[in-house]
Amino acid sequence: MGLDLELFSQSNFERCEAADGFDHVLQDWSLADWMTALAGEVGEAANIVKKLRRLDCGIDSGKPEETYPLLLAELHGEVADILSYLVLFCRRAGINLSIEAVSKFNRVSRNIGYSPRMDGSGELLEDHDATE
């Protein structure tokens, strides 16, 4: 079973605002604040990918802690942080990420001639007439 994005988004929002969580009211930050936080996480992931690429090219960083497996594990964590900030940004902006992601997938698929479409739950449908 994969991640239920709606449940994750709701739980992440509750943790953000809970007194025993981050105790941070979502609305206290502007969209720019949330986007800056999200961009920071993407930047951290990009820095790790840069280090992985250097290892791929045989460039030694001289730092024994920067092994491929350790960097890859750090990247996993950063990607999870990106999702956490993305769903908070979307909630602050009034964007339902699940709905928008499926809608955009279907629009791009139609534009490029890719036949399968997604239904509202994210399942691929071979009969795309059901979602047109």
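Here is a short chat about how the labels on this predicted model are earned.

Me: What makes up the protein chain, and what pattern does it follow along the sequence?
Reply: There are 4 helices and 2 strands, and read along the sequence they give the pattern α-α-α-α-β-β.

Me: How does the radius of gyration of the protein chain stand against that of a compact globule?
Reply: A compact globule of 132 residues would come out near 14 Å, but this chain has 19 Å. The box filled by its C-alpha atoms is roughly 55 × 45 × 30 Å along the principal axes. As for burial, 22% of the 132 residues count as buried.

Me: How do you know whether the length of H2 agrees with what a helix should span?
Reply: Take 1.5 Å a residue: the 26 residues of H2 should span 38 Å, and the end C-alpha atoms are 37 Å apart, so the two agree. H3 can be checked in the same way, with 26 residues, a reach of 37 Å and an expected 38 Å, which is close.

Me: What sits at the two ends of H2?
Reply: At the N-terminal end, Ser30 acts as a cap, with a side-chain oxygen 3.3 Å from the backbone nitrogen of Ala32. That fits the polar contact cut-off, which is within 3.5 Å. After H2 comes Gly58, with a positive phi near 80°. H3 is also followed by a glycine with positive phi: Gly94, at about 75°.

Me: Which residues of H2 are buried, and what covers them?
Reply: The buried ones are Trp34, Ala37, Leu38, Glu41, Ala45, Ile48 and Leu52. Their cover includes H1 and H3. A bit of helix geometry helps when you look at such a list: an α-helix has 3.6 residues a turn, so residues three or four places apart point the same way.

Me: And what do the buried residues of H3 pack against?
Reply: They pack against H1, H2 and helix H4, which covers residues 97–112. Among the buried residues of H3 are Leu71, Leu75, Glu78, Ile82 and Phe89.

Me: Why is the pair Lys51 and Glu66 called a salt bridge?
Reply: The label needs a side-chain nitrogen of Lys or Arg within 4 Å of a carboxyl oxygen of Asp or Glu. Lys51 and Glu66 meet at 3.0 Å, N to O, so the pair passes that cut-off. Lys51 belongs to helix H2 and Glu66 to the loop between H2 and H3, so the pair ties together parts that are 15 residues apart in sequence. By this rule the count is 1 salt bridge.

Me: How exposed are the two partners, Lys51 and Glu66?
Reply: Buried means under 20% relative accessible area, exposed means over 50%, and partly exposed is in between. Lys51 has 21%, so it is called partly exposed. Glu66 has 12%, so it counts as buried.

Me: What about Glu78: why does it have no salt bridge?
Reply: The nearest side chain of opposite charge, Lys51, is 10.0 Å away, and a salt bridge has to be within 4 Å, so Glu78 does not qualify. Glu78 is buried all the same. It lies in helix H3, residues 68–93, and touches Glu41, Glu44, Ala45 and Ile48, leaving aside residues up to four places away in sequence.

Me: Why is Arg117 called buried?
Reply: Its relative accessible area is 4%, and the label needs under 20%, so Arg117 is buried. Arg117 has its place in strand E1. A polar atom of its side chain lies 2.8 Å from the backbone oxygen of Ser115.

Me: And what makes Gly120 exposed?
Reply: Gly120 has 75% relative accessibility, and exposed means over 50%, so the label fits. You'll find Gly120 in the loop between strand E1 (117–118) and strand E2 (124–125). Its C-alpha is 24 Å from that of Val79, which is 41 residues away along the chain.

Me: What is there to say about the phi of Asp23?
Reply: It is positive, near 55°, in a residue other than glycine. Asp23 is in the loop between helix H1 (5–17) and helix H2 (31–56). With a relative accessible area of 55%, it is over the 50% cut-off, so Asp23 is exposed.

Note on methods. Residues are numbered from 1 along each chain as its sequence is written. This is a predicted model: local features need pLDDT of at least 70, side-chain atom pairs count only at pLDDT 80 or more; totals for chains, interfaces and linings use all residues. Side-chain values use heavy atoms; hydrogens and water are left out. Buried means under 20% relative accessible area, exposed over 50%, partly exposed in between (1.4 Å probe, protein chains only). Lys and Arg count as positive and Asp and Glu as negative; His and the chain ends are not counted. Contact means heavy atoms within 4.5 Å. The expected span of a helix is 1.5 Å times one less than its number of residues. A polar contact is a pair of N or O atoms within 3.5 Å; within protein, one must be able to donate a hydrogen and the other to accept it, and residues adjacent in sequence count only if both atoms are side-chain atoms. The radius of gyration is taken over C-alpha atoms; the globule rule is 2.2 Å times the number of residues to the power 0.38.
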